[in-house]
There are 2 protein chains.
Amino acid sequence: MKARTDTKEKIIELGTALIKSIGYPSLSYQQISSQLGIKNAAIHYHYPSKEDLGCDIVSNEIARFEKFISSVSGLGPLEKLEVFLGSYRVHLEDGNKICLIGAGASDFLELPKSMQLVYTEYLFLLKNWFIDLLETGRKAGVFHFKGEPVNKASVMISALAGALQHARLIGNDHYDAVAAQLKEDLKA
Amino acid sequence: MKARTDTKEKIIELGTALIKSIGYPSLSYQQISSQLGIKNAAIHYHYPSKEDLGCDIVSNEIARFEKFISSVSGLGPLEKLEVFLGSYRVHLEDGNKICLIGAGASDFLELPKSMQLVYTEYLFLLKNWFIDLLETGRKAGVFHFKGEPVNKASVMISALAGALQHARLIGNDHYDAVAAQLKEDLKA
DNA sequence: TTGTTTACTTACTTATAAGTAAGTAATTTT
DNA sequence: AAAATTACTTACTTATAAGTAAGTAAACAA
């Protein structure tokens, strides 16, 4: 097996899971290589530096989110929100992970500039999608809230990211309570 | 200077700031000792292991929060909320720190059991204070919201913790937008 | 079928981390 | 004044981290 492998994809997949579990600074080539049954240098072959790997992990997650956006583009505001909430909740059952943005944000000051830039791009993308969702939903009479969509969107994305984290300390019910209250608050 | 020093207090203070900046796993004895002008072993004298230091930092923050609770006990619900929001916002101006619970939560799976337990105790304390605040405020007709106080409190503490983190990526305005919207949502 | 590229492994370097043992000087206690 | 305690420093150990240089075997291209 010297050509055509899926090692690079496996590195990204496992690297993503590890950052969501333990964060970028605690992520080591050792953990990836041992779990994939390869050597450290094999990772360096695909990603010369840890920074390269980190950037590709975030970029990959952006691409996945863009696919998500397309895939729900035909749905109504309420259904879009439900799908998003569901995909977000998966983190909890999958080893009490947190979302990638939350993980990147709490390690932000330790990240290389290149990673910071990609993370910022990712959060803007997410926030804008949410703003549009709330704006469209309100115009359609599906969502009800005070103030500007941008401010409500800010509350919702930060509450969901924070809830995943807090759930680690006090249990998954905390996340469900947050998600339920956010939906309740959007009703008439 | 061989007796009666305030080195231990300085270690706690700087250690707290460093955890809020870069997180517990990235915190090193080296950074503390160099900034305080002492040697690594001096920290080990006061805190034999990093785990001891970590636990004391969180315990110390709990004690500080308990003092905060007492200090605002005479205020009305709205004033209590304002003081809390203000003290929370300080993190932003102070080198884009995040709150200690948020920092601990995102590194939770890397922490020793002893630290996890103290963090859990801290979050329960904070959440319960918030629940009581919302419950009292609603009975007094100051706050208005749907659902149970516990759920609204969950949203608010997670939104604020998440907002401090997200502000690192997209600017401090994000936190202010979250704080403003949360207050707006509590009005009649 | 020879040469080149791909996808690695082996073996190494350098840096930094937590932690420890032994020594020391000032202070405090007896 | 002597003994003990406090608050360190010096010097060391062990572990783990990212990263690199050189070698190798399979696949593919010419």
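## Close-ups of a predicted two-chain model

**View 1. Phe68(A) sits in helix H4 of chain A, which runs over residues 50–71.** Keep in mind for this and every other view that the model is predicted. Is Phe68(A) buried or exposed? Its relative accessibility comes out at 14%, and since anything under 20% goes down as buried, that's what we call Phe68(A). Setting aside residues up to four places away in sequence, Phe68(A) touches Val83(A), Phe84(A) and Trp129(A). Now look for Lys187(A): it is 119 residues from Phe68(A) along the chain, and the two C-alpha atoms are separated by 25 Å.

**View 2. Step back, and chain A turns out to have nine helices and zero strands.** Reading from the N terminus, the elements simply go α-α-α-α-α-α-α-α-α. The C-alpha trace of chain A spans about 60 × 35 × 30 Å along its principal axes. Of the 188 residues in chain A, 52% are buried. Take the contacts in chain A with a separation of 6 or more: 63% of them come from residues 24 or more positions apart.

**View 3. Over in chain B, helix H4 (residues 50–71) packs against helix H7 (residues 113–139).** The angle between H4(B) and H7(B) is about 15°, and their axes are 9 Å apart. Angles under 35 degrees count as roughly parallel, so that's the label for H4(B) and H7(B). H4(B) passes H7(B) in a left-handed crossing. Who does the touching? On the H4(B) side, the contact residues include Gly54(B), Val58(B), Ile62(B), Phe65(B) and Ile69(B). On the H7(B) side, Val118(B), Tyr122(B), Leu125(B) and Trp129(B) are among them.

**View 4. Zoom in on Ile69(B), a residue of helix H4 of chain B.** Ile69(B) is one of the H4(B) residues that make the contact with H7(B). Its relative accessibility is 23%, so Ile69(B) counts as partly exposed. How far apart in space are Ile69(B) and Lys80(B)? They are 11 residues apart in sequence, and the C-alpha to C-alpha distance is 9.1 Å.

**View 5. Helix H8 of chain B covers residues 149–170.** At 1.5 Å a residue, the 22 residues of H8(B) should span 32 Å, and its end C-alpha atoms are 30 Å apart, which agrees. Where does H8(B) bend? Look at Leu164(B), where the bend is about 30°. Of the 22 residues in H8(B), 20 are buried, so the rest of the structure largely encloses this helix. Right after H8(B) comes Gly171(B), with a positive phi near 105°.

**View 6. His91(B) is in helix H5 of chain B, residues 77–93.** With a relative accessibility of 10%, His91(B) counts as buried. Which residues is His91(B) in contact with, leaving aside neighbours within four places in sequence? The list is Lys20(B), Asn96(B), Lys97(B), Ile98(B), Cys99(B) and Leu164(B). You've met Leu164(B) already: H8(B) bends there.

**View 7. Gln181(B), from helix H9 (residues 173–185) of chain B, is the residue to find here.** Gln181(B) has a relative accessible area of 2%, which makes it buried. And what does Gln181(B) touch, not counting residues up to four places away in sequence? Check the chain letters: Lys146(A), Gly147(A), Glu148(A), Asn151(A), Lys152(A) and Val155(A).

How values were computed. Residues are numbered from 1 along each chain as its sequence is written. Chains are lettered from A and ligands numbered from 1 in the order in which they are written. This is a predicted model: local features need pLDDT of at least 70, side-chain atom pairs count only at pLDDT 80 or more; totals for chains, interfaces and linings use all residues. Side-chain values use heavy atoms; hydrogens and water are left out. Helices (H or I, at least four residues) and strands (E, at least two) are DSSP runs, numbered from the N terminus. The expected span of a helix is 1.5 Å times one less than its number of residues. The bend at a residue is the angle between axes fitted to the seven residues ending there and the seven starting there. Buried means under 20% relative accessible area, exposed over 50%, partly exposed in between (1.4 Å probe, protein chains only). Axes are lines fitted to C-alpha atoms, for helices over the stretch in contact, and angles run from 0 to 180 degrees between N-to-C directions. Angles under 35 degrees count as roughly parallel, over 145 as roughly antiparallel, 65 to 115 as roughly perpendicular and the rest as oblique. A crossing is left-handed if the near helix is turned anticlockwise from the far one by less than a right angle, and right-handed if clockwise. Contact means heavy atoms within 4.5 Å.
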